[in-house]
Amino acid sequence: VNKVTAIVLAICCGGVFAAAADRIFTTPNPAAELKRLFPAAAAFSPLGGTPLHFNAYAADPRTNPAEKPIGIAFWTTDLVPEEHGYHGPIHILVGMDLIGVLTGVVVTYDSEPYGYFSVEPPKFAAQFKGKKIGDPFRVGGDVDAVSRASISIGSATRAIRDASRMVAKQLLPPEVAK
Amino acid sequence: VGAGETWGEILAPQALDLALLTAFIALTLVSFFRKSVRLKYAALVAAVGYMGFMKSSLVSISDVFRLTDLSLPPFKYSLAWYLFSLFVVVSTVLWGRLYCGRVCAFGALTQLMDAIVPARLRIELPKKIEQRAAWTKYVVLAAVMVYFVATRDVALPVRYTEPFWMFGLFGTTAMWSGLAVLLVATVFVRNLYCRFLCPVGATLGILSGLTVFRIKRWAECKTCKICEKTCEWGAIRGPQIVKRECVRCDDCERLYLDQQKCPHWIVLRRKGNTFVSA
């Protein structure tokens, strides 16, 4: 009887919780975050294109249609949705200029149990500013390791690296992405 | 994706963790199978030092949350975590809450405390209260599950319903104060958190309903109370071992093996004598 109860309980819990599971936590309007990545930008395009990205403009393209973007911003969760930390994807908005240098990253959401001392402190995000897509992105090398939070740090670093390289390959001139 | 990593590059940073974890699991299992007190204390010290302060590898309530969304870390980058989790689940199904008894760093810490704290400070709770209090952890589990499903917030339960963050040494003043109160209370009531409050223990308690290899009971156990009195976890009630509460500490099983103390052997000996003298 005990066995049956345990199995039934497990299945019930699983069912109830699976139903509530698929909620998405992307910041719907990251205006403030975009501004932090591109302080010089006057306007941003809506999220669009393939792969999904925002364009940053020095002047509003609606008043000057010939305006060229000065950079690109994108969500790691759109680019590498399969990349998970300890508990689910870590939501990171990445800014990149047109020569493959990161202008910054913003971590907007995570459900890592130890997120508060791994990926949430500004210190983590700050290390990626100025990083080139060809850099190693190695935890313990050019990215600081945080002991007892290696899964979170590793995942966030790979997400930034792989998403940036993917965007560069598809949206920047071929000589940059090399 | 142009990650282009070789397996060598993926495995190299994980090799040491995997080796040490395997060694720790081996120590745990050897101490369990040999019913050795010394090896058990060695395992407890390793649990606090290596699994706790060095790695912070504990099952957290956030691991229970992941049962609801099946959100797992990437396999190839988290091999030690997968080995650890597999061991926790498999050992619980095979033997019961072995994890609580000698793998969990916090449980190990309070058990080591219990070995040092003078016995006269300890308060033995009345059976009735102890049995009722043991259900509290299931209430805590239910409450945090409802909270998580409603809010998807991991941070609050991890900080305020479990003390496992302490091994990461990252806590706010409020968190450390709460922990201090808990540890002081543990001086008086042994393994207070594990027995009455831990939602992870509650989860493993539910899973332990499946336990394959159970503790043997003799016919004499129906009337004998030696093990029941010895059990520090309140897991023996008359002839029954309550699997939910049992953490396989070996105390009763060591008594079974003691031919001077266990009535089973004493009765056998007497029968033998009668037979010889008749």
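## A walk around chains A and B

Between chain A and chain B, the salt-bridge count is 0. Keep in mind as you look around that this is a predicted model. Polar contacts are another matter: 9 residue pairs, both partners at pLDDT 80 or more, are in polar contact across the two chains. On the chain A side, select helix H1 (2-19) and helix H5 (150-171), since each supplies at least two residues of the surface that touches chain B. Colour that chain A side by residue type and you get 15 nonpolar, 6 polar and 9 charged residues.

Now show both sides of the contact. Chain A brings 30 residues to it and chain B brings 42. Together the two chains bury about 3,000 Å², with carbon and sulfur atoms giving 60% of that area.

**Stop one: chain A by itself**

Hide chain B for a moment. What secondary structure does chain A have? You should find 6 helices and 5 strands. Trace the chain from the N terminus and the elements go by in the order α-α-β-β-β-α-β-β-α-α-α. The C-alpha trace of chain A spans about 75 × 40 × 30 Å along its principal axes.

While you're here, zoom in on Pro51(A). This residue sits in the loop between strand E1 (43-44) and strand E2 (54-57) of chain A. Is the peptide bond from Thr50(A) to Pro51(A) cis or trans? That bond is cis, with omega near -10°. It's worth a look because most peptide bonds are trans.

**Stop two: the largest pocket**

Bring chain B back and go to the largest pocket, which has a volume of about 1,300 Å³. To land at the centre, select Ser150(A), Ile151(A), Gly154(A), Gln14(B) and Tyr77(B), the closest of the 47 lining residues. Both chains take part in these walls: H5 of chain A gives at least two residues, and so do helix H1 (7-11), helix H2 (15-33), helix H3 (37-54) and helix H5 (79-95) of chain B. Which element has the largest share of the lining? Select H5(A), which provides 9 residues. By type, the lining of this pocket divides into 24 nonpolar, 13 polar and 10 charged residues.

**Stop three: the second largest pocket**

Next, move to the second largest pocket, at about 840 Å³. Asp63(B), Val64(B), Leu67(B), Thr203(B) and Leu207(B) lie nearest its centre, out of 32 lining residues. Two or more residues of the lining come from each of H1 of chain A and, in chain B, helix H4 (61-69), H5, helix H9 (136-151) and helix H13 (199-207). Although the five residues just selected are in chain B, H1(A) gives the most to this lining, with 7 residues. Try colouring by type here too: the lining of the second largest pocket has 26 nonpolar, 4 polar and 2 charged residues.

**Stop four: a turn in the chain B backbone**

From H9 of chain B, follow the backbone into the loop that leads to helix H10 (155-160), and pick out Arg152(B) there. This arginine has a positive phi of about 60°, although it is not a glycine. That makes a good place to pause, because most residues other than glycine have a negative phi.

**Last stop: the enclosed spaces**

Rolling a probe the size of a water molecule over the atoms shows where empty space is left. How many cavities of 30 Å³ or more does the structure hold? There are 5 of them. Head for the largest cavity, with about 120 Å³ of space.

To find this cavity, select Cys224(B), Cys227(B), Tyr256(B), Cys262(B) and Pro263(B), which lie nearest its centre among 16 lining residues. Then add helix H14 (226-230), helix H15 (251-257) and helix H16 (263-277) of chain B, the elements that give two or more residues to the lining. H14(B) has the largest share, 3 residues. One last colouring by type splits the cavity lining into 10 nonpolar, 2 polar and 4 charged residues.

Technical notes: Residues are numbered from 1 along each chain as its sequence is written. Chains are lettered from A and ligands numbered from 1 in the order in which they are written. This is a predicted model: local features need pLDDT of at least 70, side-chain atom pairs count only at pLDDT 80 or more; totals for chains, interfaces and linings use all residues. Side-chain values use heavy atoms; hydrogens and water are left out. On a 1 Å grid over the protein atoms alone, a cavity is a set of points where a 1.4 Å probe fits but cannot get out, and a pocket is an open set with protein on both sides within 12 Å along at least five of seven lines; lining residues have an atom within 4 Å of a point. Grid points are joined across faces, edges and corners, and a volume is the space filled by probe spheres set on the points. Helices (H or I, at least four residues) and strands (E, at least two) are DSSP runs, numbered from the N terminus. Ala, Val, Leu, Ile, Met, Phe, Trp, Tyr, Cys and Pro count as nonpolar, Asp, Glu, Lys and Arg as charged, and the others, Gly among them, as polar. Contact means heavy atoms within 4.5 Å. Buried area is the accessible area (1.4 Å probe) that two parts lose on being put together, summed over both. A salt bridge is a side-chain nitrogen of Lys or Arg within 4 Å of a carboxyl oxygen of Asp or Glu. A polar contact is a pair of N or O atoms within 3.5 Å; within protein, one must be able to donate a hydrogen and the other to accept it, and residues adjacent in sequence count only if both atoms are side-chain atoms.
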